[in-house]
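Me: I would like a close look at a single part of the protein shown below, namely its core, in one connected answer. Please explain each term as you come to it, since I am new to reading structures.

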Amino acid sequence: HMVKKLAGKLQNITATEIDLNFAKKTIKNRFVVGLVDDMAESMRRFDVIMGINDETKFYKSCNREYFGGGKKKTNSNAHPYIGAERYTYQLLAEKNDLDVQLYNYVLELYEEQKEVIDFFANTSSAAIAPV
């Protein structure tokens, strides 16, 4: 589904490896990746890139409203865990093989982007104004 979306394909058209590579390039060049499984770090990265000061009263209030209290940020919607060993997962993964490959690429990109974002945070933190 996502490979087709990012490659500009209609849902009834079969996606190819070329479409997967296009989707990867689009994500790498246009997105700051965040992961629900690492919500606090993802939010930190978005804040750095957008120049948001996370020490303001407004930020803390907004954060509490959407992600709950405390330091650990979570997805507000509970989702059942479906492990890779489950038949349902295997069927979905087989049917959506290119999307699974894209997801695995996004996991790698998430790690790659950390260094760049940390560098940006360290060099521009003095320039960030409270929002």
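Reply: Read from one end of the sequence to the other, the protein follows the pattern α-α-α-α-α-α, and the count is accordingly six helices and zero strands. Here helices are DSSP runs of H or I with at least four residues, strands are runs of E with at least two, and both are numbered from the N terminus. This is a predicted model, in which local features need pLDDT of at least 70 and side-chain atom pairs count only at pLDDT 80 or more, while totals for chains, interfaces and linings use all residues. Residues are numbered from 1 along each chain as its sequence is written, and side-chain values use heavy atoms, with hydrogens and water left out.

Before turning to the core, it helps to set the background. Of the 131 residues in the protein, 29% are buried, where buried means under 20% relative accessible area, exposed means over 50%, and partly exposed lies in between (1.4 Å probe, protein chains only). If we take the contacts between residues at least 6 apart in sequence, 65% of them join residues at least 24 apart, a contact being heavy atoms within 4.5 Å.

Now to the core itself. The largest nonpolar core has 14 residues, and such a core is a set of buried Ala, Val, Leu, Ile, Met, Phe, Trp, Tyr and Cys residues joined through side-chain atoms within 4.5 Å. Within this core, the residues with the most contacts are V3, I27, V33 and L102. Helices α1 (2-7), α2 (17-30) and α6 each supply at least two of its residues, and the largest share, six residues, comes from α6.

One of those four residues, V33, repays a closer look: leaving aside its neighbours within four places in sequence, V33 is in contact with I27, R45, F46, V106, L109, Y110 and Q113. The name Y110 returns when we turn to helix α3 (residues 39-50), where E41 lies. Not counting residues up to four places away in sequence, E41 touches Y110 and K114. Although E41 is a glutamate, and Glu counts as charged, E41 is classed as buried because its relative accessible area is 16%. S42 is also found in helix α3, and, with residues up to four places away again set aside, S42 touches G34, L35 and Y110. S42 is classed as buried too, because its relative accessible area is 1%.

Helix α2, one of the contributors to the core, also holds residues that are not buried. N21 is found in helix α2 and is called partly exposed because its relative accessible area is 43%. The C-alpha atom of N21 is separated by 8.7 Å from that of L102, although the two residues are 81 residues apart along the chain; L102, as we saw, is among the core residues with the most contacts. K25 lies in helix α2 as well, and K25 counts as exposed because its relative accessibility is 56%. From K25 to L6 there are 19 residues in sequence, and 9.6 Å in space, C-alpha to C-alpha.
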